[in-house]
Amino acid sequence: MSAAPAIYPSLNGKTVVISGGAEGIGAATVERFALQGSKVILLDIAQEAAQSTINKVMELTKEAEARGGPSIHPPIFYHCDVLDLFRLQVISAKILDLHGPVHVLVNNAAATGSSARLTTPQVTFKDWDFNVNTNLRHVFFLSQAFIPGMKQSGGGSIINLGSISWRIPAAGQPVYAACKAAIMGLTRVHSKEFGPDNIRINSVMPGAIATERQIRDVLTPEYRAEVFQNQSLKRDLAPEEVAKVIVFLGSDEASGITGSSYVVDGGWVSDP
């Protein structure tokens, strides 16, 4: 039996929406919120991976029950491409109609593959639009969709996924880095705008996280050596290490935290 997760009673029964929840950090976040007894709704385009994540969560039911933890609800999946704003609005309205107000929103969906790793001379108009729309635009519009319900229910928590790419800074992905820098700016502005409504808005900035996709496509021996040279912790960082911070920020244990950015990078970024 794996180590028991920290349990935050304030999350039991709360509705949590996670974009890009089928794989990687998103999937780990789905699992961690489900273990809190939250009603988890994941949005993604990867239907097979989403079902695999749901199956994994349900396999944890007996283990959770043996520990005396909260009852686990099967995560709910909606197929949704964040590039399609009309579909995003339709799904958001459906979630509100069927599940009531969203208490926690995790804006996690992003394009991190070869489409994001383009140098400035390589970027076309089409590449620019794809990266901005996939990595930034939906963060604004999903927040816009769910904030009114949070207001009506007395508050909520939004966690936006950024990146240390612009803080290092990392050459070779200028549009991606610009989007992630913008997410920090949006987080801080929204925290001021909606703080009076008791809505907390924070961001989490991961470093090199060893997701299955990163291991397959990015973490070559050469890149891993570069990562370890820069990190204080000389090991791979797992997706659940980011998810733990996200869940904390969604809980009432973080009730006084808003407009902040939490870095999960093993000590890579040293500047404040």
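Colleague: What volume does the second largest pocket have?

Modeller: Keep in mind that this is a predicted model. For the second largest pocket, the computed volume comes out at about 240 Å³.

Colleague: Which residues lining the second largest pocket are closest to its centre, and how many of the lining residues are charged?

Modeller: There are 15 lining residues, and those closest to the centre are K14, G155, G156, S157 and D252. Sorted by class, the lining has two nonpolar and ten polar residues, and the charged ones number three.

Colleague: Moving on to the sheet, in what order do the seven strands run?

Modeller: It's an open sheet with parallel pairing. At its edges sit β3 (76-79) and β7 (261-264), each pairing on one side only. Neighbouring strands are turned by 15 degrees against each other on average, ignoring direction. Reading across, the order is β3-β2-β1-β4-β5-β6-β7.

Colleague: Which residue in β6 is the bridge partner of N160?

Modeller: Strand β5 covers residues 156-161 and β6 covers 199-206; the two run parallel, joined by six bridges. In β6, N160 is partnered by S203.

Colleague: What angle does helix α6 make with β6?

Modeller: Helix α6 (residues 174-194) packs on the sheet and touches β5, β6 and β7. Helix α4 (residues 85-99) packs on the sheet too, touching β1 (15-19), β2 (39-44) and β3, with about 155 degrees between its direction and that of β3. For α6 against β6, the angle is about 165 degrees.

Colleague: Why does the salt bridge between E31 and K56 tie together separate parts of the sequence?

Modeller: Six salt bridges turn up in the whole structure. In the one between E31 and K56, the closest N and O atoms are 3.4 Å apart. E31 sits in helix α1 (residues 24-34) and K56 in helix α2 (residues 47-59), so the pair links parts whose separation in sequence is 25 residues.

Colleague: Where is P169 found, and is its peptide bond from I168 cis or trans?

Modeller: P169 belongs to the loop between β5 and α6. Omega for the I168 to P169 peptide bond is near -15 degrees, making the bond cis.

Colleague: What is phi of N198 near?

Modeller: N198 lies in the loop between α6 and β6. Its phi is positive, in a residue other than glycine, and the value is near 60 degrees.

Note on methods. Residues numbered from 1 in each chain as written. Predicted model: local features only at pLDDT ≥ 70, side-chain atom pairs only at ≥ 80, totals over all residues. Heavy atoms only, no water. Pairing = 2+ DSSP bridges. Helix = DSSP H or I, 4+ residues; strand = E, 2+ residues; numbered from the N terminus. Axes fitted to C-alpha atoms, helices over the stretch in contact; angles between N-to-C directions. Contact = heavy atoms within 4.5 Å. 1 Å grid on protein atoms, 1.4 Å probe; cavity = no way out; pocket = protein on both sides within 12 Å on 5 of 7 lines; lining within 4 Å. Points joined across faces, edges and corners; volume = space filled by probe spheres on them. Nonpolar A, V, L, I, M, F, W, Y, C, P; charged D, E, K, R; others polar. Salt bridge = Lys/Arg side-chain N within 4 Å of Asp/Glu carboxyl O.
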